[in-house]
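Open the model in your viewer and keep the sequence panel visible. The stops below go from one selection to the next.

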Amino acid sequence: MSPKTTGSLTLKVNGSDRSLSVDHRVTLLDALREHLDLTGTKRGCDHGQCGACTVLIDGRRVLSCLQLAIALEGRSVTTIEGLAKGDELHPMQQAFLSLDGYQCGYCTPGQICSAVGVLQEHAEGWPSAVTENVAVSTKLTNAEIRERMSGNLCRCAAYVHIVEAVASVAAAQHEQQGERSGGTP
Amino acid sequence: MKPFEYAAAASVEEAVALLADPASRLLSGGTNLVDLMKLGVERPSVLVDTRRLALNNIEVRPDGAVEIGATVTNSDLAAHPEIRRRFPAITQAVLAGASGQIRNMATVGGNLLQRTRCSYFTDVASACNKRVPGSGCPAIRSERDGYAILGTSSHCIAVHPSDLCVALAAFDAVVSFVSRDGAGEIPLVDLHVPVGDTPHVETALPRSALITRVTVPPASAASRSRYRKVRERASYAFALASIAAALEVREGIVREARLAFGGVASRPWRARQAERVLVGARADAEIFARAVDAELAAANPRAEETYKVELMRNLAVSVLAEIVGESK
């Protein structure tokens, strides 16, 4: 009997259940682009080194080029296509537009998905390598943003505006939270 | 990539049974394995997925030891309040490695078993004693640099790339596993075996072994520990040299010393010679230098890595001084 090297799975992608029949070698990146026509996620290096393929799985940013699709049964994937609500852009997308956070745009979907992940991680109090005292939570300074985004390369070097875009969304979220809790800093 | 079967193991016993096939490999985060499969370095016939095995908890025992499940992600380990407060060098070591996305995928078990990033090992067109026993070691005579200065042999000079293992080595972590012969455990410092003339043999684990958890015993010096990494970029690069250190100093005398080196050795390097010099001595820069020199006396760098001796020395002295300075 020949070995079974293909399989089926159901994946929730941007809110919809999608059924896939794949060779086990198909990565999530392959599945998104080739099987599901979601070409927003880009193949940069295909070896987990550039971050262009970054998507969110169950809210956590990961590299889709190193995820085997067959291993993701029942998981929930959010791609760049899934961030907007209809015509209403996600604040991170809007910030990249308003603050000119890209040039060629190739790394941009990965940058935006990664940045969304960064803000969530920071909101949960995660430290980073530049955090002075890892025992306590820290402010999201530009140094923190740069460190947390270090897995997303940009050969056009749009880094300065990328950091400003991420910082602006963080500041706006921080303000909103302040308003919700009665304006106490 | 070679086609393979895939099994999401539902139990440790099932995983161990599947591992009886020598062409099987464990899949956790996949951040090293999937990359090596794309490169053709790893060509498994079966992938055994560990992530349904309920090994993803961190528990603190009544005696203060911390039990870390093998499929805990790097990120969850680094962010855990107990680790951050009582073993900051572990958090710092994890955060010094890879990128945010990779840390969200990579697991503790996978980190322990990750392979070297030597560019000859990862190139199937190249000879490599680790990948193809007896084929030779092109690194030894090459102009590429960044190789090991400790624990090398004429067969292999590759560096062990893990940051986490260095911190775990400093804290006497113990690795628990299950194999066909039942449960077992091994100190982390003994997990990775000396290179000798068999660089293709990397660990002391028995056949079909599945790492289930890593236990870090309590240590009073640990809460003032540090991990520092020196590399050519500010982030997202492997170490040229790194150190995990913890010191307990009372009345100016070193009572407890824990030191481990990374980026410079074939395996996570517990610096016992250095610790022997430190314990009982007055805590000052002179003793720090003497201690590190004692450890580095065994260093055997090629010309391309001579700089690592001085780098490691200065790094260690600096970090030890920082720890002592903060204790005041």
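Buried here means under 20% relative accessible area, exposed means over 50%, and partly exposed lies in between, with a 1.4 Å probe and protein chains only. This is a predicted model, in which local features need pLDDT of at least 70 and side-chain atom pairs count only at pLDDT 80 or more, while totals for chains, interfaces and linings use all residues. Residues are numbered from 1 along each chain as its sequence is written, chains are lettered from A and ligands numbered from 1 in the order in which they are written, and side-chain values use heavy atoms, with hydrogens and water left out.

**Stop 1: a helix in chain A**

Select residues 159-180 of chain A, which form helix 5. Helices (H or I, at least four residues) and strands (E, at least two) are DSSP runs, numbered from the N terminus. The expected span of a helix is 1.5 Å times one less than its number of residues. For the 22 residues of helix 5 of chain A this gives 32 Å, and the end C-alpha atoms are 32 Å apart, which agrees.

Now colour the buried residues of this helix: A:Ile162, A:Val163, A:Ala165, A:Val166, A:Val169, A:Ala170 and A:Gly178. Their cover includes helix 2 (91-98), helix 3 (108-123) and helix 4 (142-148) of chain A.

In the same helix, pick A:Ala167. A:Ala167 is partly exposed, with a relative accessible area of 23%. Leaving aside neighbours within four places in sequence, A:Ala167 is in contact (heavy atoms within 4.5 Å) with A:Asn142 and A:Ile145. A distance label between the C-alpha atoms of A:Ala167 and A:Asn142 should read 7.0 Å, with the two residues 25 residues apart along the chain.

**Stop 2: the sheet in chain B**

Move to chain B and show its open sheet of 5 strands, in the order 4-5-8-6-7 with antiparallel pairing. Two strands pair if DSSP finds at least two bridges between them. Which strands stand at the edges? Strand 4 (58-60) and strand 7 (182-187) of chain B do, each with a single partner strand, so one side of each is left without a neighbour in the sheet. Neighbouring strands of this sheet are turned by 20° against each other on average, direction ignored. The axes behind this angle are lines fitted to C-alpha atoms, for helices over the stretch in contact, and angles run from 0 to 180 degrees between N-to-C directions.

Select strand 8 (residues 210-216) of chain B next. Of its 7 residues, 6 are buried, so strand 8 is largely enclosed by the rest of the structure. Strand 8 pairs with strand 5 (residues 66-69) of chain B in the antiparallel sense over 4 bridges. Two places to label on this pairing are B:Glu67 opposite B:Thr215 and B:Val66 opposite B:Val216. Strand 6 of chain B is joined to strand 8 by 5 bridges, also antiparallel, and here B:Ser176 stands opposite B:Arg213.

Follow strand 6 of chain B to strand 7: a hairpin joins them through 2 residues. These two strands run antiparallel with 6 bridges, and B:Ser179 stands opposite B:Gly182.

**Stop 3: rings in chain B**

Select B:Phe87 and B:Phe171, which form an edge-to-face aromatic pair, 5.3 Å centre to centre with 75° between the planes. Rings of Phe, Tyr and Trp (its six-membered ring) pair if their centres lie within 6.5 Å; planes under 30 degrees apart count as stacked, over 60 as edge-to-face and the rest as tilted. The count by this rule is 1 aromatic pair over all chains.

B:Phe87 lies in the loop between helix 4 (81-86) and helix 5 (88-96) of chain B, and B:Phe171 in the loop between helix 8 (164-170) and strand 6 (174-179), so the pair ties together parts that are 84 residues apart in sequence. B:Phe87 is buried at a relative accessible area of 0%, and B:Phe171 is buried at 1%.

**Stop 4: single residues in chain B**

B:Asn74, in helix 3 (residues 74-79) of chain B, is buried, with a relative accessible area of 5%. Residues up to four places away in sequence aside, B:Asn74 touches B:Val94, B:Arg103, B:Ala106, B:Thr107, B:Val108 and B:Asn111.

Finish with two backbone angles. Most residues other than glycine have a negative phi. B:Ala98 has a positive phi of about 55°, and B:Tyr236 also has a positive phi of about 55°. B:Ala98 is partly exposed at 27% relative accessibility, whereas B:Tyr236 is buried at 14%.
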